[in-house]
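Let's take a walk through this one together, a stop at a time. Have the sequence and the 3D view open as you read.

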Amino acid sequence: MTLNTDMRVNRITDEVWEIPVTEKAGMLAPARIYATPGILQAMDRGVFEQVTNVACLPGIARYALCMPDGHWGYGFPIGGVAAFDTTSGIISPGGVGYDVNCGMRLIRTDLTLEDVQPKLERLMTELFRRVPAGVGAAGFVRLDRDAFERVMTHGARWCIEEGYGWHRDLAHMEDRGCIVGADPSTVSDHAVARGINQLGTLGSGNHYLEVQVVSSNRVFDLETASALGIIGQDQVVVMVHCGSRGFGHQVASDYLKVFEKAMRRYGIFVKDQQLACAPFRSPEGQEYFSAMNCAANTAFANRQVITHQIREAFASVFGTSAEELGMELVYDVAHNIAKVERYAEGELLVHRKGSTRAFGPGSPGLPWDFQKTGQPVICGGSMETGSYLLVGTDRAVDETFGSTMHGSGRTMSRAQAKKAIRGEQLQQEMKRRGILVKAVSMSGLAEEAGFAYKNISDVVETVDRAGITKKVAELRPIGNIKG
Amino acid sequence: MAHSFRFLEDIAVADIAFEAEGDSALELFQAATDALLETLADPSTVAMTWERDIEHAAMGLDELLFEWLSDLVYWKDAAGVVFHDADLSVVHDGIRWKLMAVLRGAPVDQTTQTLRNDVKGVTKHLYEVTQQGVRWYAKVVVDV
């Protein structure tokens with residue numbers, strides 16, 4: 001098997017591969033990659049370099065991991081998971097990602113394709129109008145500094161208090177949409193200025209709002225799907241992918257600078273400047289953790305305000321309330337975050353960067369209605385090929401610090417994708433295939449063409465076979481909004 | 001060719017990378033500025049109704065360029081604008097590099113402007129500013 005690395009990669013199983021500590025000076029733990037042989041062969045050189053760089057960071061527990069949707073990222077690979085001892089280990093913005101708490105949200109409806117198809121054009125226009133996307137877009141929520149600080153500390157709870165959602169939504173979010181320990185005093189004025197007008201906006205790049213259909217023949221586990229509110233039968237659902245926007249990015253940038261200096265003081269040497277880090281228990285580490293939690297809460301609030309707007313749009317188009325349409329939140333997951341969690345090794349700070357928490361049945365923190373199913377895991381594919389709903393497993397908790405994949409992962413650069421197709425052409429082709437796309441930027445649309453991504457089904461099959469997540473249903477796009 | 005830029009296809013698959021070059025530090029800054037402005041929106045579709053004076057100083061030219069490009073991203077979000085152009089002055093005072101800039105643009109308007117990528121930040125990945133003879137080069141990866 002030919003791989004994009006000179007390092008020795010040992011087969012553990014057909015879906016798990018290990019790079020031993022002997023392959024790079026300074027590795028403190030082996031690196032493990034979850035992939036089929038085909039996916040492993042297609043992985044870029046950056047994955048192998050970066051996952052082994054992560055394995056050199058102080059306090060790393062067990063393994064540095066990369067999921068099958070992994071590809072090169074800043075510092076950590078996208079799809080990277082690493083857990084660090086909270087006493088002796090580090091925290092790194094490069095292990096969280098610039099878009100703090102970038103995540104996925106899935107909203108169910110009682111509507112079917114037959115109900116929606118005749119009104120799809122009007123629905124997408126209404127969604128496009130109510131959910132701003134693209135460069136510099138501002139949301140409809142106007143905040144002063146005090147209110148924005150409450151968003152930072154209260155997250156989605158702030159939205160519910162302000163009438164942007166239903167109280168029961170909170171139970172269906174990681175950490176009930178509000179991570180404790182967020183201190184606005186750790187956030188710069190620059191970050192506040194960038195974020196204060198962006199609540200309720202999608203952004204651009206690979207972020208989107210998608211109207212999808214669940215066919216009965218694409219429901220793989222009817223009992224679990226039913227417990228999550230998914231019934232198939234051409235049911236319409238809505239998926240949202242976005243994060244903390246410019247605010248989270250500024251938090252990450254600010255603390256990368258702080259950590260570059262702090263590393264010298266703490267005698268930490270990293271193999272890549274984007275792996276800048278500080279001891280978790282140091283003042284700098286604690287301040288970043290607090291600022292990161294502010295950004296994470298803001299991202300929960302962002303997706304909640306967008307959910308409110310989606311419900312309003314559906315209610316307007318279908319002439320009845322969102323409650324009548326059964327628009328319950330299935331779940332909201334973070335896939336760029338660091339969290340303190342408890343495993344066999346003790347208390348660990350788990351970094352998930354382009355990786356989703358995947359707690360199995362009975363795990364602490366899950367709401368009562370998901371105690372039997374395990375945590376819902378929402379994975380977005382390209383806008384042409386569909387997405388998946390899965391659930392976490394005990395095996396994930398045992399093997400991968402309760403983590404799994406997050407999406408399909410790019411294989412082609414944005415510049416190459418734009419050369420291969422024009423946005424207007426892609427929009428027309430997708431319309432012919434029954435997918436209505438509204439986009440702010442046609443060049444941005446071309447960059448997101450389906451051929452620029454891995455086949456998400458291959459990625460999903462890998463985590464399903466590896467047993468770290470169980471697939472529940474495939475979701476097929478019929479309408480997409482992009483920045 | 002006083003200054004130019006080109007987008008790079010083979011690095012940063014999920015983001016955008018460009019290489020800028022110029023016959024002087026000033027020309028390099030103009031090339032890199034053009035590249036970032038083009039990444040955000042087509043500058044020819046952006047009016048000049050918003051203006052900001054910006055000054056920075058740094059020991060290294062790489063640090064100065066990083067701060068300047070990060071400023072563009074900051075004002076894009078903080079003021080909700082995209083940019084038409086920037087008048088730049090880049091000098092070395094014997095100790096530090098100094099930038100004086102007048103940045104011009106207009107509030108984001110989806111109906112009149114050709115908008116492109118919402119750049120979230122300038123990264124240090126593969127970031128470098130080098131000089132070969134009299135010509136300056138910069139490689140920049142921006143996160144979108």
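In chain A, strand E18, residues 436-439, runs alongside strand E19, residues 469-482, and the two pair in the parallel sense over 4 bridges. If you want to find one of the partnerships by eye, look for A:Ala439, whose bridge partner in E19(A) is A:Lys482. Keep in mind as you look that this is a predicted model.

Stay on E18(A) for a moment, since its side chains alternate along the strand. A:Val437 and A:Ala439 point to one face and are buried, while A:Leu436 and A:Lys438 point to the other face and are not buried. So A:Ala439 turns up twice in this part of the tour: as a buried residue and as the partner of A:Lys482.

Now move to helix H2 of chain A, residues 45-54. How many of its 10 residues are buried? The count is 8, so the helix is largely enclosed by the rest of the structure. The buried ones are A:Gly46, A:Val47, A:Phe48, A:Gln50, A:Val51, A:Thr52, A:Asn53 and A:Val54. And what do they pack against? Four strands of chain A: E2 (16-19), E3 (31-34), E4 (60-71) and E5 (78-85).

Next, head to where the two chains touch. Chain A puts 35 residues into this contact and chain B puts in 30. On the chain A side, helices H7 (189-195), H9 (245-266), H12 (414-420) and H14 (442-447) each supply at least two residues. Sorted by class, that side of chain A has 11 nonpolar, 20 polar and 4 charged residues.

Over in chain B, you'll find an open sheet of 4 strands in the order E1-E2-E7-E6, with antiparallel pairing. Its edges are strand E1 (3-8) and strand E6 (121-132), each of which pairs on one side only. From one strand to the next, the twist averages 15 degrees. Zoom in on E6(B) and strand E7, residues 135-143, and you can follow their antiparallel pairing over 8 bridges. There, B:Val122 stands opposite B:Val142 in E7(B).

A helix lies against this sheet too: H1(B) packs on it, touching E1, E2 (16-22) and E7 of chain B. The direction of H1(B) makes about 150 degrees with that of E2(B).

That same topic leads on to a pair of helices. The axes of H1(B), residues 25-40, and H2(B), residues 61-78, come within 11 Å and cross at roughly 30 degrees. Angles under 35 degrees count as roughly parallel, and these two helices are therefore roughly parallel to each other. Their crossing is right-handed. From H1(B) come B:Ala25, B:Phe29, B:Ala32, B:Leu36 and B:Leu40, which meet B:Leu61, B:Leu65, B:Trp68, B:Leu69, B:Leu72 and B:Lys76 in H2(B). By class, this contact has 10 nonpolar, no polar and 1 charged residues.

One last stop is B:Ala86, in strand E4 of chain B, residues 81-92. Is B:Ala86 buried or exposed? With 23 other C-beta atoms within 10 Å, B:Ala86 is buried, because 20 or more is what it takes to count as such. Setting aside neighbours within four places in sequence, B:Ala86 is in contact with B:Thr33, B:Ala101, B:Val102, B:Leu103 and B:Arg104. As for B:His125, 39 residues apart from B:Ala86 along the chain, the C-alpha atoms of the two are separated by 25 Å.

Technical notes. Residues are numbered from 1 along each chain as its sequence is written. Chains are lettered from A and ligands numbered from 1 in the order in which they are written. This is a predicted model: local features need pLDDT of at least 70, side-chain atom pairs count only at pLDDT 80 or more; totals for chains, interfaces and linings use all residues. Axes are lines fitted to C-alpha atoms, for helices over the stretch in contact, and angles run from 0 to 180 degrees between N-to-C directions. Angles under 35 degrees count as roughly parallel, over 145 as roughly antiparallel, 65 to 115 as roughly perpendicular and the rest as oblique. A crossing is left-handed if the near helix is turned anticlockwise from the far one by less than a right angle, and right-handed if clockwise. Two residues are in contact if their C-beta atoms, placed from the backbone, lie within 7 Å. Ala, Val, Leu, Ile, Met, Phe, Trp, Tyr, Cys and Pro count as nonpolar, Asp, Glu, Lys and Arg as charged, and the others, Gly among them, as polar. A residue is buried if 20 or more other C-beta atoms lie within 10 Å of its own, exposed if 12 or fewer, and partly exposed in between; C-beta atoms are placed from the backbone. Two strands pair if DSSP finds at least two bridges between them.
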